[in-house]
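Here is a friendly walk through one model, going from helix packing to strands and then to a few single residues. Have the sequence and the coordinates open as you read.

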Amino acid sequence: MGVSGCGKSSVGAGLAERLGIAFRDGDDLHPAANVAKMRAGIALTDADRGPWLDRVAATLREMAPVVVACSALRRAYRDRLRAGAGGPVQFLYLAGSRDLVASRLAARSGHYMPRSLLDSQFATLEPPGPDEALTLDINQPLDALIRAAAGAVEDGRSLPRR
C-alpha cells in the first residue's frame with residue numbers, strides 16, 4: 001500500500017513471485033469511470049473508491065493467498081478491505097518522500113495516473129501505524145524491499161494484522 005508511484009506493483013509482483021503465490025494489481029480492478037477521472041486529472045472521492053475497494057476485497061477473498069497492490073490510503077479503506085476479505089489481511093506500507101515519488105512518476109510512462117494527482121494522494125494518505133503494517137522506506141533498491149517483505153513472512157514474523 002501507498003501513494004501512486006511508491007512501487008506497489010513492482011514490490012508486490014516480486015513478493016508474490018518469491019512467495020510462490022498469485023499477484024493482482026489493484027490498478028486493474030478500477031472501474032472504467034475511475035480510470036477516466038484519474039486520466040483527466042480528477043482525484044477520486046470516497047464514493048468513487050468504494051466499488052473499487054470492494055473489488056479488491058473480493059480479490060483477496062477469492063484468490064487467497066494473493067498479493068494485491070492497492071493504495072489503501074486511509075485507515076477506513078484498510079478496514080473495509082479487512083472486513084470484505086473474509087480472512088486475515090496483511091499490509092506492507094511503502095513510504096517515501098514526495099520528491100522521490102514525484103521523480104518516479106515523472107519517469108513513468110503509459111500509466112493513467114498523472115503526476116498532477118500526487119498532492120491529492122499525499123493529502124488523503126493516513127500512514128498506518130506499526131499495529132497495522134510493516135513500513136519500508138522506498139529509498140532503497142527494489143530487491144532489498146522484496147527481501148525485507150518476504151523475510152517478514154518467511155521467518156514466521158507475519159506482517160502486522162489488525
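The axes of α3 and α4 come within 8 Å of each other and cross at roughly 40°. The structure you are looking at is a predicted model. The crossing of these two helices, α3 and α4, is right-handed. On the α3 side, the residues that meet α4 are Asp46, Arg49, Gly50, Leu53, Asp54, Val56, Ala57, Leu60 and Arg61. From α4, Tyr77, Arg80, Leu81, Gly84 and Ala85 take part. Sorted by class, this α3 and α4 contact has seven nonpolar, two polar and five charged residues.

A second helix pair can be described in like terms. Two packed helices are described by the angle between their axes and the distance between the axes. For α1 and helix α7 (residues 142-154), the angle is about 50° and the axes are 9 Å apart. That angle makes α1 oblique to α7. The crossing of α1 past α7 is right-handed. Here Ser10, Val11, Gly14, Leu15, Arg18 and Leu19 of α1 meet Leu142, Leu145, Ile146, Arg147, Ala149, Ala150, Val153 and Glu154 of α7. By class, the α1 and α7 contact has nine nonpolar, two polar and three charged residues.

The two helix pairs can be set side by side:

| Helix pair | Angle between axes | Distance between axes |
|---|---|---|
| α3 and α4 | roughly 40° | within 8 Å |
| α1 and α7 | about 50° | 9 Å |

Let's look at two residues of α1 in turn. Is Val11 buried or exposed? With a relative accessible area of 2%, which is under the 20% cut-off, Val11 is buried. Val11 lies in helix α1, and the list of its contacts beyond four places in sequence holds Leu92, Leu94, Leu142, Leu145 and Ile146. Two of these contacts, Leu92 and Leu94, point one way from strand β3, whereas Leu142, Leu145 and Ile146 are among the α7 residues that meet α1. Val11 and Asp143 are 132 residues apart along the chain, yet their C-alpha atoms are separated by 8.2 Å.

Leu19 is also placed in helix α1, which spans residues 8-19. Its relative accessible area is 27%, so Leu19 counts as partly exposed. Leaving aside neighbours within four places in sequence, Leu19 is in contact with Ala150, Val153 and Glu154. For Leu19 and Ala150, a sequence separation of 131 residues goes with a C-alpha to C-alpha distance of 7.0 Å.

On the other side of that packing, Gly151 is found in helix α7. Gly151 has a relative accessible area of 13% and is therefore buried. Between Gly151 and Asn139, 12 residues apart along the chain, the C-alpha atoms are separated by 18 Å.

Now to the strands. How many of the five residues of strand β3 (residues 91-95) are buried? Five of the five are, so β3 is largely enclosed by the rest of the structure. In a regular strand the side chains alternate between the two faces of the sheet. In β3, Phe91, Tyr93 and Ala95 point one way and Leu92 and Leu94 the other way. β3 pairs with strand β4 (residues 133-137) in the parallel sense, over five bridges. Within that pairing, Leu92 has Leu134 of β4 as its bridge partner.

Strand β2 can be read in a similar manner: Val66 and Val68 point one way, Val67 and Ala69 point the other way, and all are buried. Strand β1 (residues 22-25) pairs with β2 in the parallel sense over four bridges, and Arg24 stands opposite Val68.

Finally, two backbone features are worth checking on either side of β2. Most residues other than glycine have a negative phi, and most peptide bonds are trans. The peptide bond from Ala64 to Pro65 is cis, with omega near -5°. Pro65 lies in the loop between α3 (46-63) and β2 (66-69). Ala72, although not a glycine, has a positive phi of about 45°. Ala72 is found in the loop between β2 and α4 (75-85), and because its relative accessibility is 1%, Ala72 counts as buried.

Notes. Residues numbered from 1 in each chain as written. Predicted model: local features only at pLDDT ≥ 70, side-chain atom pairs only at ≥ 80, totals over all residues. Heavy atoms only, no water. Buried < 20%, exposed > 50% of the residue type's maximum accessible area, 1.4 Å probe, protein only. Contact = heavy atoms within 4.5 Å. Axes fitted to C-alpha atoms, helices over the stretch in contact; angles between N-to-C directions. Parallel < 35°, antiparallel > 145°, perpendicular 65-115°, else oblique. Left-handed = near helix turned anticlockwise from the far one by under 90°. Nonpolar A, V, L, I, M, F, W, Y, C, P; charged D, E, K, R; others polar. Pairing = 2+ DSSP bridges.
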